[in-house]
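Q: Please take me on a close look at a single part of this protein, and show me what lies around it. I am new to this, so a patient tour would be lovely.

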Amino acid sequence: MAAPGLAIGKVLTLLKTEFPDISISKIRFLEAEGLITPERAPSGFRRYSRADVERLKYILSAQKNNYLPLKVIRDNLELIDQGIEPASPEPVSVPKPVQPESAHTLGGQRPPVRLTREELLERSGLPEATLIELERQGIIRPRRGASHYGWEALTLAIVAVKVAPLGIETRQLRVVKAAADREVELIALTASFYARRPQISQRATLEIAELVMQAHAALLQVGLDHS
């Protein structure tokens, strides 16, 4: 296990096996939120103790396995600091990415997700300034006719957090949105031929969308293979 006085790079190495998505920026974010407070060496660099590493493991596990928002995690940590065992969280169904091979994934058959703006930021770890920019570009939006956010917004927010350390800026996600917009136009145009028969139209829209997603995934692979 970790010994006191670890540099952040070493902490990252210790956590990577169990939490592959962990990054220095994620650790910095949790520190900025006041969930961990590493000591500062005389040189000014952060030094992480065994307790800091265990605390990080608890936070990351609570997010990964129980999908707890940061507010709940913070409250639980305060209880732990007082020697009180937090209540065990109830199992939560985490929204999963669309799988082209599964039927009716675009028909709303998903675990219900109804998030306020604050909950969206807490669950995803997305900075509010980034959310504002994504909303300005029309990438993240509340559900139609509502003020809450659904699984789509949560998925996009988590993706934005994960791609940032990889060098993909928020503005570059417009490329993905533009491709999706063109695919939506194609699906809507093709499905419009069934508009006079609503039941058939809905099934046709879903089937066309699933096939378009399969084609999209296959073309991405072809492009990567030949890049």
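A: Before we start, one term: two residues are in contact when heavy atoms of theirs lie within 4.5 Å of each other. Please also keep in mind that this is a predicted model.

Let us set the scene. The protein has nine helices and two strands. Following the sequence, these elements come in the pattern α-α-β-β-α-α-α-α-α-α-α. Of the 227 residues, 31% are buried, and a residue counts as buried when its relative accessible area is under 20%. Among the contacts with a separation of 6 or more, 56% are between residues 24 or more positions apart.

Our warm-up is helix H3, residues 50–66. H3 has 17 residues, and the distance from its first C-alpha to its last is 23 Å, close to the 24 Å expected at 1.5 Å a residue. Try finding its buried residues in the picture: Asp52, Val53, Leu56, Ile59, Leu60, Ala62 and Gln63. Here is a handy idea for reading such a list: an α-helix has 3.6 residues a turn, so residues three or four places apart point the same way. What do the buried residues of H3 pack against? They pack against helix H1 (8–16), helix H2 (24–32), strand E2 (46–47) and H4.

The partner H4 covers residues 70–81. On the way there, just after H3, you meet Tyr67, with a positive phi near 55°. The axes of H3 and H4 come within 10 Å and cross at roughly 140°. An angle over 145 degrees would count as roughly antiparallel, so H3 and H4 are described as oblique to each other instead. Their crossing is right-handed. From H3, the residues Arg55, Tyr58, Ile59, Ala62 and Gln63 meet Leu70, Ile73, Asn76, Leu77, Ile80 and Asp81 of H4. Sorted by character, the residues of this contact are seven nonpolar, two polar and two charged. You may recognise Ile59, Ala62 and Gln63, which also appear among the buried residues of H3.

Now for the part I would like you to study most closely: helix H7, residues 151–163. Why is its length what we would expect? At 1.5 Å a residue, its 13 residues should span 18 Å, and its end C-alpha atoms are indeed 18 Å apart. The buried residues of H7 are Trp151, Ala153, Leu154, Ala157, Ala160 and Val163. Their cover includes helix H5 (117–124), helix H6 (128–136) and helix H8 (173–191).

Let us visit H5 next. The axes of H5 and H7 come within 9 Å, with a crossing angle of roughly 40°. Under 35 degrees the pair would be called roughly parallel, so this pair, too, is oblique. The crossing of H5 and H7 is right-handed. On the H5 side, Leu120, Arg123 and Ser124 take part; on the H7 side, they meet Ala153, Leu154, Ala157, Ile158 and Val161. This contact brings together six nonpolar residues, one polar and one charged. Ala153, Leu154 and Ala157 are familiar, as they belong to the buried set of H7.

Turning to H6, look for Leu134. Leu134 is buried, with a relative accessible area of 0%. Setting aside neighbours within four places in sequence, Leu134 touches Leu126, Ile139, Ile140, Ala160, Thr170 and Leu173. Ala160 is one of the buried residues of H7, which ties Leu134 to our chosen helix. Leu134 and Thr170 are 36 residues apart in sequence, while their C-alpha atoms are 6.9 Å apart.

Two loops complete the tour. In the loop between H6 and H7 sits Gln137. Is Gln137 buried or exposed? Gln137 is buried, with a relative accessible area of 12%. Beyond residues up to four places away in sequence, Gln137 touches Thr170, Arg171, Arg174 and Lys177. Gln137 and Arg171 lie 34 residues apart in sequence and 8.0 Å apart in space, C-alpha to C-alpha. Thr170 is also in contact with Leu134, so you can use it as a landmark for both.

On the other side of our helix, Ala164 lies in the loop between H7 and H8. Ala164 is partly exposed, with a relative accessible area of 47%. Ala164 and Ser25 are 139 residues apart in sequence, yet 9.1 Å apart from C-alpha to C-alpha. Ser25 falls within H2 (24–32), a helix that the buried residues of H3 pack against, which brings us back to the helix of our warm-up.

Key: Residues are numbered from 1 along each chain as its sequence is written. This is a predicted model: local features need pLDDT of at least 70, side-chain atom pairs count only at pLDDT 80 or more; totals for chains, interfaces and linings use all residues. Side-chain values use heavy atoms; hydrogens and water are left out. Helices (H or I, at least four residues) and strands (E, at least two) are DSSP runs, numbered from the N terminus. The expected span of a helix is 1.5 Å times one less than its number of residues. Buried means under 20% relative accessible area, exposed over 50%, partly exposed in between (1.4 Å probe, protein chains only). Axes are lines fitted to C-alpha atoms, for helices over the stretch in contact, and angles run from 0 to 180 degrees between N-to-C directions. Angles under 35 degrees count as roughly parallel, over 145 as roughly antiparallel, 65 to 115 as roughly perpendicular and the rest as oblique. A crossing is left-handed if the near helix is turned anticlockwise from the far one by less than a right angle, and right-handed if clockwise. Ala, Val, Leu, Ile, Met, Phe, Trp, Tyr, Cys and Pro count as nonpolar, Asp, Glu, Lys and Arg as charged, and the others, Gly among them, as polar.
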